[in-house]
Amino acid sequence: MSDRPIRFREHVQRVMARAFARLPARWQVRLSGEPPVVADGLTLDPHVQLVRSLRRRRGVPGLCEPDVAAGRARFRREAIVFRSEVTPVGAVRDFEIPGDGGPLRVRHYAPAKGAGQPLVVYLHGGGFVIGDLDTHDEPCRILCRHGRVHVLSVDYRRAPEHPFPAALDDTRAALRWARAHAAELGADPSRVSVGGDSAGGNLAAVAARLETREGTPPAAQLLIYPATDSETRRPSQEAFGAGYFLSQADRDAFSRFYLQGSGVTGADPRVSPLLAPDLGGLPPALVVTAGFDMLRDEGEAYAAVLEAAGTPVRRLLLPGLGHGFLHMTGVTPAAREGMVRIAREWGELVDGVDSRKPM
């Protein structure tokens, strides 16, 4: 990830956040200026509570405000601010692969001693609008190192320049390429999976269903706080739809940009996979949710529907964290522990999967 200049106050914020992480939990809560945040019997991690409080005091704007370009630039800067020292992996290489809309930039992370290991095609989050290979560099490194898997991170086309279905088409193109070229990357061609976080989790879930229906199922699916239903209001949206990293206003803006001019609504199962009528026969899934995330309930609902349809599902709830914790691994110990746990759970899942067996 290439460093972009960060503002002095952002540098100070990073130094403060890392220093505060070493304080006792009770002092972190006290410095946040509010009592421990408790909801649904869960308690927000004290350091997350403090970082949230600092962001609120700064008056951080919405993720697409005042415009998309500013939102993208700010998201990149914050990825730098909150990242850790780069997690070492066996090798990292950027290159291009063919896509339906032109060449697709990808980044391949190879684990040490990675010959014959599984490969996951990874789609970054960011509401289909913000985020890129660099903002998700550290989470992909952790996934590669601690999951002992190859990761192919995809720089899919983003809205509003490229609305639905451009990102989904790119996801499927990347999956096709990965299946055909996994061996060239040193990975196991029989264990090519798909995964992502937030909007990327949405793309992974939708692609897994469509590819399965066409007879080319991925070996497994990694869904980290996925967006699965934009049409149904659930309690977690009401509880955490304002004042946390992802707000309802952010989600509404993302949806407008993603669907504009497409003639498609959020009720389409290619947008809201939870609304698909046929969710049986899908590949095994690891579904990760965060206790203080507005997407928590729809992620858990999707896991439940997959289980009811006979899909093997591993559920992982990280109770004290919120949306976007993947980007806090450098400053919040619980966030890093959570990402490492995801990687290890994923590694265990795909180690036990053989896609050459009939579904």
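Which residue in β7 is the bridge partner of L119? In this predicted model, the bridge partner of L119 in β7 is V192. That pair is a handy place to begin a walk through the structure, starting with the strand β5.

Strand β5 covers residues 117-123, and seven of its seven residues are buried, so the strand is largely enclosed by the rest of the structure. Burial here refers to a relative accessible area under 20%. The strand has a partner in β7, residues 187-197, with which β5 pairs in the parallel sense over six bridges. It also has a partner in β6, residues 150-155, and here the parallel pairing runs over five bridges. Within the β5 and β6 pairing, Y122 has S153 of β6 as its bridge partner. As a general point for reading such strands, side chains in a regular strand alternate between the two faces of the sheet.

The connection from β5 to β6 can also be followed in the model. Together with helix α5, residues 137-147, these two strands make a right-handed β-α-β unit. Helix α5 contains E138. Is this glutamate buried or exposed? With a relative accessibility of 6%, E138 counts as buried, because the limit for a buried residue is set at under 20%. The side chain of E138 has company as well: a polar contact of 2.4 Å links it with the side chain of T87.

E138 appears again in the description of enclosed space. The second largest cavity holds about 60 Å³ of space. Its lining consists of 11 residues, and those nearest the centre are A79, R83, T135, E138 and P139. Sorted by class, that lining has five nonpolar, three polar and three charged residues.

How is empty space of this kind found? Rolling a probe the size of a water molecule over the atoms shows where empty space is left. How many cavities of 30 Å³ or more does the model contain? The count comes to three. In the largest cavity there is about 310 Å³ of space. The elements that give two or more residues to the lining of the largest cavity are α7 and α9. Of the elements, α9 gives the most, with five residues. In total the largest cavity is lined by 27 residues, and G127, S198, A199, A227 and F254 lie nearest its centre. The lining of this cavity divides into 14 nonpolar, 11 polar and two charged residues.

One of the residues nearest the centre of the largest cavity, S198, also deserves a look for its backbone. S198 lies in the loop between β7 and α7, the helix of residues 199-213. Its phi is positive, at about 60°, although S198 is not a glycine. At 9% relative accessibility, S198 counts as buried. Y225 likewise has a positive phi, near 30°, in a residue other than glycine. The place of Y225 is in the loop between β8, residues 221-224, and α8, residues 235-240. A relative accessible area of 2% makes Y225 a buried residue.

Why are such backbone angles pointed out? Most residues other than glycine have a negative phi, and most peptide bonds are trans. The loop between β6 and α6 offers exceptions to the second part. P160 lies in this loop, which leads to α6 at residues 166-181, and a cis peptide bond joins A159 and P160, with omega about 0°. P165 also lies in the loop between β6 and α6. Here a cis peptide bond joins F164 and P165, with omega about 10°.

The last feature is an open one. The largest pocket has a volume of about 510 Å³. Two or more residues of its lining come from each of α3 (46-58), α4 (68-81), α9 (248-259) and β10 (313-322). Which element supplies the largest share of this lining? The largest share, five residues, comes from α3. Altogether 29 residues line the largest pocket, and R52, R55, G243, Y244 and F245 lie nearest its centre. By class, the lining of the largest pocket has 16 nonpolar, seven polar and six charged residues. Helix α9 thus links two parts of this account, as it gives two or more residues to the lining of the largest pocket and five residues to that of the largest cavity.

Conventions. Residues numbered from 1 in each chain as written. Predicted model: local features only at pLDDT ≥ 70, side-chain atom pairs only at ≥ 80, totals over all residues. Heavy atoms only, no water. Buried < 20%, exposed > 50% of the residue type's maximum accessible area, 1.4 Å probe, protein only. Helix = DSSP H or I, 4+ residues; strand = E, 2+ residues; numbered from the N terminus. Pairing = 2+ DSSP bridges. Right-handed = clockwise from strand over helix to strand, strands pointing away. 1 Å grid on protein atoms, 1.4 Å probe; cavity = no way out; pocket = protein on both sides within 12 Å on 5 of 7 lines; lining within 4 Å. Points joined across faces, edges and corners; volume = space filled by probe spheres on them. Nonpolar A, V, L, I, M, F, W, Y, C, P; charged D, E, K, R; others polar. Polar contact = N/O pair within 3.5 Å; in protein donor to acceptor, adjacent residues only side chain to side chain.
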